[in-house]
Amino acid sequence: MYKIERQLVIDTIKAMIIEATKTLDKTIVDKLEYAFDKEVNILGKSVLAKIIENQKIAKEENIPLCQDTGVLVCFIEIGRELVFDYDLTEAINRGVSLGYTDGYLRKSIVRHPLNRINTLDNTPAVIHYDFIEGNELVIHLAPKGGGSENMSSLKMLSPADGRDGIINFVLETIKNAGGKPCPPLIVGVGIGGNFEHVAYIAKKALFRPINDQAKVLEDRLLEEELLERINKLNVGPMGLGGITTALAVKVNSAPCHIAALPVAVNLQCHSARKKEVTLVGTIA
Ligand code: SF4
C-alpha cells in the first residue's frame with residue numbers, strides 16, 4: 001500500500017490555487033489570440049485585446065486575473081493502492097483556506113445562502129471523488145467564477161425533444177445570458193444521466209482540455225454544430241457583439257431513463273482558470 005502525507009496535499013492545493021488564479025493555461029491564451037485574429041467586430045476585437053493584455057499583466061505582476069477568485073471546484077482521482085490515515089476532505093479544505101488567505105485572494109463563500117455570513121477563507125470547496133488504478137492522487141481544480149455559474153442552466157427535456165431540443169436549450173441559455181457570464185465562453189454541456197448527474201457531467205466537461213474532442217460520435221457532432229451556432233448568436237466578447245461568443249463546446253453524455261432527456265449547460269467565462277497535479281504515493 002502507498003501513502004501521501006497530509007502536509008503534501010495541503011501544500012499542493014495551496015500552491016495550485018495561487019498559481020491558477022494568476023495564470024491562464026497557454027492553450028486558453030492561444031485560443032483567445034486565434035479568436036482575436038478572426039474577430040470582425042471592432043468592439044469585440046478590442047475586448048479580446050484587453051482580455052489578452054489582462055492575462056499578461058496578471059502573470060507579470062503576479063496578481064489575480066479577475067477580482068472574482070471563485071468557488072474552488074475539485075475533481076480528485078484516488079489510486080486504489082493509496083491509504084489515508086487522515087481526512088482527505090479536511091486536508092484539501094485546509095489547503096484551500098491557506099491558498100485564499102496567504103494568497104490574498106477574495107473570499108467568496110458564505111456559510112448559509114440566507115444568513116450570508118462569509119466563511120472568511122473560501123472554504124468549503126466543492127469536491128468530487130473518483131477511484132483509479134495505481135498509487136497516484138490526481139488533483140484537478142478550478143476557481144469557478146460566480147458570474148458564469150449564475151447563468152448556467154438545467155432542464156429536464158422530453159425524449160421527443162431530441163437533438164433539436166438540446167441545441168435550442170443551449171442556444172437559448174447563451175442568448176439569454178448575454179454578457180453576464182463574461183464571454184467568450186467555454187460551454188460545458190451534459191446530456192443524459194438524471195437530475196444531479198447531468199449537472200456533474202456538464203461541470204466535468206469544463207475540465208477537459210480545450211482542444212480535445214468528445215470520444216462519442218454523437219457528442220462530437222453536437223460539439224461542432226453547437227460551437228458554430230453559438231458563434232452566430234452575435235453575443236460576442238463581453239456581450240458587445242461579434243463572432244467570438246464561445247471558444248469551445250464540450251459535450252459529455254451518460255445513459256438515462258427511457259422517459260427522460262436531462263440537459264445541463266455549465267458556462268465557463270474567459271477567465272478559465274484550472275490546474276492539474278499528480279502526486280505519487282510512497283510505500284506506507
Ligand atoms: S464570470 Fe469570470 S471573468 Fe466574469 S467576473 Fe466572474 S470570474 Fe471574472
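**Exercise 1. Find the loop that holds cysteine 182, and say what the backbone does around there.**

Step 1: Cysteine 182 sits in the loop between H6 and E6, with helices (H or I, at least four residues) and strands (E, at least two) taken as DSSP runs numbered from the N terminus. Here H6 spans 162-177 and E6 spans 185-193.

Step 2: Check phi. Cysteine 182 isn't a glycine, yet its phi is positive, about 60 degrees. Most residues other than glycine have a negative phi, and most peptide bonds are trans.

Step 3: Now omega. Proline 183 and proline 184 are joined by a cis peptide bond, with omega about 10 degrees. Proline 184 also belongs to the loop between H6 and E6.

Step 4: There's another cis bond to list, between threonine 123 and proline 124, with omega about 0 degrees. Proline 124 is in the loop between H4 and E3.

Before going on, a word on the input: this is a predicted model, where local features need pLDDT of at least 70, side-chain atom pairs count only at pLDDT 80 or more, and totals for chains, interfaces and linings use all residues. Residues are numbered from 1 along each chain as its sequence is written, and side-chain values use heavy atoms, with hydrogens and water left out.

**Exercise 2. Work out which residues are around the ligand, and where the ligand lies relative to the domains.**

Step 1: Collect residues with a heavy atom within 4 Å of the ligand. You get Cys66, Gln67, Asp68, Gly145, Gly147, Ser148, Pro181, Cys182, Cys269, His270, Ser271 and Arg273. So Cys182 from the first exercise turns up again.

Step 2: Sort them by class. The shell has 4 nonpolar, 6 polar and 2 charged residues; Ala, Val, Leu, Ile, Met, Phe, Trp, Tyr, Cys and Pro count as nonpolar, Asp, Glu, Lys and Arg as charged, and the others, Gly among them, as polar.

Step 3: Bring in the domains, whose bounds come from an automatic or database assignment. Domain 1 (2-20 + 65-145 + 273-283) and domain 2 (147-268) both contribute to the shell, so the ligand lies between them.

**Exercise 3. Describe the interface of domain 1 and domain 2.**

Step 1: Over C-alpha atoms, the two domain centres are 26 Å apart. Counting heavy atoms within 4.5 Å as contact, 11 residues of domain 1 and 13 residues of domain 2 take part.

Step 2: About 940 Å² is buried between the domains, with 57% of that from carbon and sulfur atoms; buried area is the accessible area (1.4 Å probe) that two parts lose on being put together, summed over both. On the domain 1 side, Phe75, Lys144 and Lys274 lose the most area, together 57% of what that side buries.

Step 3: Count the 2 salt bridges across the interface, each a side-chain nitrogen of Lys or Arg within 4 Å of a carboxyl oxygen of Asp or Glu.

**Exercise 4. Pick out two salt bridges and give their N to O distances.**

Step 1: Lysine 144 pairs with glutamate 149, and their closest N and O atoms are 2.8 Å apart.

Step 2: Glutamate 90 and arginine 6 form another, at 3.1 Å. Glutamate 90 is in helix H4 (residues 88-102) and arginine 6 in helix H1 (residues 6-22), so to speak distant parts of the chain, 84 residues apart.
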